[in-house]
Amino acid sequence: MNNTQPRPKLGRPRLGTENERLSNLLDCALNIFMHDGYGLASIAKIASAAGFSTRTIYSLYKNKADLMVASVMHMIERDVEQ
């Protein structure tokens, strides 16, 4: 008999929803950019703080500049909602 159920993904389970994880990434990125400055902030440091891999961040954002813009826009959108 052939089992047609999808196989579970291997690896560490994700905590929270995709939106919560993305929000956490952008919050961590903004904190690091503000604390260290753009020049000293690194994708590796942001990835470590947010619990992401650098590969995942680069799959979401083209480069550090795009991540910085996204993190600032996230802060603005959150503040406008409040």
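Contact here means heavy atoms within 4.5 Å. The model shown in these views is predicted.

**View 1. Overall fold of the chain, with four helices and zero strands.**
From the N terminus on, the elements run α-α-α-α. Of the 82 residues in the chain, 27% are buried. The accessible surface comes to about 6500 Å², and carbon and sulfur atoms hold 56% of that area. Among contacts in the chain with a separation of 6 or more, 54% are between residues 24 or more positions apart.

**View 2. Surroundings of Asp36 in helix 1.**
Once neighbours within four places in sequence are set aside, Asp36 is in contact with Ala41 and Lys45. With Lys45, the side chain of Asp36 forms a salt bridge, at 2.5 Å from N to O. The side chain of Asp36 also makes a polar contact of 2.6 Å with the side chain of His35. Asp36 counts as buried because its relative accessibility is 18%, under the limit of 20%. Lys45, at 40% relative accessibility, counts as partly exposed.

**View 3. Salt bridge between the side chains of Arg78 and Asp27.**
The distance from N to O in this pair is 2.5 Å. The pair links distant parts of the chain, as Arg78 belongs to helix 4 and Asp27 to helix 1, 51 residues apart. Both partners are partly exposed: Arg78 has a relative accessibility of 28%, and Asp27 has a relative accessible area of 25%. A search of the whole structure finds two salt bridges; the pair formed by Asp36 and Lys45 also meets in one. Side chains of opposite charge can pair when their charged atoms come close.

**View 4. His74 in helix 4 and the residues it touches.**
Not counting residues up to four places away in sequence, His74 touches Ser23, Leu26 and Asp27. With Asp27, the side chain of His74 makes a polar contact of 3.4 Å. The side chain of Asp27 thus appears in two of these views, since Arg78 meets Asp27 in a salt bridge. His74 counts as buried, with 16% relative accessibility.

**View 5. The largest nonpolar core, made of 16 residues.**
The residues with the most contacts inside this core are Leu25, Phe33, Ile46, Ile57, Tyr61 and Leu67. Helix 1 (18-36), helix 2 (43-50) and helix 4 are the elements that give two or more residues to the core. Helix 1 gives the most, with six residues. In soluble globular proteins, nonpolar side chains tend to be buried together.

**View 6. Contacts of Tyr61.**
Leaving aside neighbours within four places in sequence, Tyr61 is in contact with Leu22, Leu25, Leu26, Asp66, Leu67 and Ala70. Tyr61, Leu25 and Leu67 are among the core residues with the most contacts inside the core. Leu26, another contact of Tyr61, is also touched by His74.

**View 7. A nonpolar surface patch made by Val69, Met73, Ile76 and Val80.**
The area of this patch is about 370 Å². Val80 lies in helix 4, which spans residues 64-81. Val80 counts as exposed because its relative accessible area is 67%, and the limit for exposed is over 50%. His74, also found in helix 4, counts as buried at 16% relative accessibility.

Conventions. Residues are numbered from 1 along each chain as its sequence is written. This is a predicted model: local features need pLDDT of at least 70, side-chain atom pairs count only at pLDDT 80 or more; totals for chains, interfaces and linings use all residues. Side-chain values use heavy atoms; hydrogens and water are left out. Patches are made of residues with over 30% relative accessible area and no salt bridge: like charges are joined within 9 Å, nonpolar side chains (Val, Leu, Ile, Met, Phe, Trp, Tyr) within 5 Å. Accessible areas come from the Shrake-Rupley method with a 1.4 Å probe; for residues, only the protein chains shown count as cover. A salt bridge is a side-chain nitrogen of Lys or Arg within 4 Å of a carboxyl oxygen of Asp or Glu. Buried means under 20% relative accessible area, exposed over 50%, partly exposed in between (1.4 Å probe, protein chains only). A polar contact is a pair of N or O atoms within 3.5 Å; within protein, one must be able to donate a hydrogen and the other to accept it, and residues adjacent in sequence count only if both atoms are side-chain atoms. A nonpolar core is a set of buried Ala, Val, Leu, Ile, Met, Phe, Trp, Tyr and Cys residues joined through side-chain atoms within 4.5 Å.
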